[in-house]
Every structure is written in structure tokens, then in C-alpha cells.
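Here is my note on the model, point by point. Please read it with the structure open.

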Amino acid sequence: MLTKLISWNVNGLRAVEKKGFAGFLQTCGADILALQETKAMPQQLSEALRAPQGWHAYFASAERKGYSGVAVYARREPLSVQYGLGKEEFDCEGRTLILEYPTFFFLNIYFPNGGQGPERIDFKLRFYDLFLQKSKELFKTGKTVIVCGDVNTAHQPIDLARPKENEKNTGFLPQERAWLDRFFTEGYADTFRCFVKDGGHYTWWDYKTGARKRNVGWRIDYFFIDDKSVGKLKSARMLSDVMGSDHCPIEIEADL
């Protein structure tokens, strides 16, 4: 069955609601819409966001108010939902939702940012490793594994507008990029690169410098799919015209 999946770092779900998110939810045509950086607990959300008509809604929130958080809106009810990766130091930040369907697993993940110094970079890399361990477990089930979210790392120089200037900045550090190399060798594909090979395509732009107007951005939001399921992919694209956040949504279609 052709299934449309969308992922979007909304940089505050309550903030994006004021910018027309409800309309986007109802008209985007997604079967599953995954959000990152929701910055809210369910009880802080309006009824329209907490339980929109025609959707099953799931939320994983950070213990710290106004921070992190992920959500999934799904047209079809999943077989099961897992909140977190099973390790408190990461799960208390509300970064992971895993939905199981008859033929696939859907992972919505807001990967940590490596800012604020070496300790946070170490935290980010350990989160990466735990996530990889989990994805390997799901891979062994034989079901398709799809991962989406804000990975907070640009993989190759073509994935950001100014690679040379950012070689020593988190999000483009050698050890962060090396982890993505490892992830792909473990049997996963970057869905966007299955269709588009050139540069100039970004998913995040700095608000403060007005970078979006100049398209000085980073591609740090991804959909991944396990290698054995790449043939199920039908399309992958960025919804660059959708405003409301410093990120744009990304989308894939696949037979699932």
C-alpha cells in the first residue's frame, strides 16, 4: 500500500499552531506525520493538537518544560508504541517514539544537539550508538525499518552551504559524520540521496541571520530505510515551501 510519511522539526508545537499547523495537518496528505522539538507536554496542548479528528496521536515529552519532545500523528492505529530507547538519561529528554505496524517499524527520533561542549557531544554519540543498537534489533524481525527525524548532523560537504567554515562546529564534526558513515554500512540508506545527488538542498536555516531567504542552510533532517527495503521507496523530497519553523518538513512515499 502506498504510504506517505512526513517528518518535521517544528521548533515548538504550540508556536507552530499559531502559524497554521492545524491546516497543514489536515491537508498534507500524510498517513503518518512525525514531529520533533515539540517543546510541550500533552496537557499543555490544545484539544486540536492533543486529539485531532481522524488521527491517533502519541507524545513523548521531556521532563524539562519547554524542551525537546517528539510526537506522531497516525491515520492507522499501530500494533504497538514504544516510548524511548530504554535508558533513562536519554528517555527523560523525550526523544524517541517507535510505532510498530504489520509490515514495518516507524522510528521518530530527535537526536541530541552537540552544542554546549565536549560532554554534550559525548552524550550525542552515545545516544547514536544506543539508537543503532535498537535499529539492529528491529531489523532482525524482518520488517521494514524506517527512521526519521532531526539527526543534528550534516553527512557530506554537499549537505551544508558552508562546509569549510563549519568543520570544527558540532553538526559537522568528523566523529559525528563518521557515525553516519557507520550507520549506512550497517545496512541503511539515506532516502533523499536515493533520488537526488546534487547539493543545495537543505532542511534547516538559521533564523537570526535570515539564512532561509539566501538558502544558506544545512541538511540535518533525514528519512532512513533499511537496505533490503529500498525498492519500496517511490519518492523523497523536501517541502521547502512550508513555513512556520526554522526547519522545513521532509517527505517520502513507499509501498508498506
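**Notes on the fold**

1. The largest nonpolar core has 33 residues, and L5, I32, V72, L99, F106, I146 and F223 have the most contacts inside it. A nonpolar core here is a set of buried Ala, Val, Leu, Ile, Met, Phe, Trp, Tyr and Cys residues joined through side-chain atoms within 4.5 Å. Buried means under 20% relative accessible area, with a 1.4 Å probe and protein chains only. A second, separate core of 24 residues includes F111, L132, L138 and Y222.

2. A word on the basis. This is a predicted model, in which local features need pLDDT of at least 70 and side-chain atom pairs count only at pLDDT 80 or more, while totals for chains, interfaces and linings use all residues. Residues are numbered from 1 along each chain as its sequence is written, and side-chain values use heavy atoms, leaving out hydrogens and water.

3. V72 touches I32, L33, A34, H56, A57, Y58, L97, L99, F106 and N108, leaving aside neighbours within four places in sequence. Contact means heavy atoms within 4.5 Å.

4. One open sheet has six strands in the order 3-4-2-1-14-13, with mixed pairing. Strands are DSSP runs of E, at least two residues, numbered from the N terminus; two of them pair if DSSP finds at least two bridges between them. Strand 3 (56–60) and strand 13 (233–238) are the edges; each has a single partner strand, so one side of each lacks a neighbour in the sheet. Strand 1 (residues 2–9) and strand 2 (residues 32–36) run parallel, joined by five bridges. I6 has L33 as its bridge partner in strand 2.

5. Another open sheet of six strands follows the order 5-6-7-8-12-9, again with mixed pairing. Its edges are strand 5 (80–83) and strand 9 (188–190), each with a single partner strand. Strand 8 and strand 12 (residues 221–226) run antiparallel through five bridges. V147 stands opposite F224 in strand 12.

6. Does helix 5 have the span expected, or what should its 22 residues cover? At 1.5 Å a residue, helix 5 (residues 118–139) should span 32 Å, and its end C-alpha atoms are 31 Å apart, which agrees. The expected span is 1.5 Å times one less than the number of residues. Among its buried residues are F123, F127, Y128 and F131.

7. T153 lies in the loop between strand 8 (144–150) and helix 6 (174–185). At 0% relative accessibility, T153 counts as buried. Its contacts beyond four places in sequence include K124, Y128, E176 and R219.

Notes: Helix = DSSP H or I, 4+ residues; strand = E, 2+ residues; numbered from the N terminus. Buried < 20%, exposed > 50% of the residue type's maximum accessible area, 1.4 Å probe, protein only.
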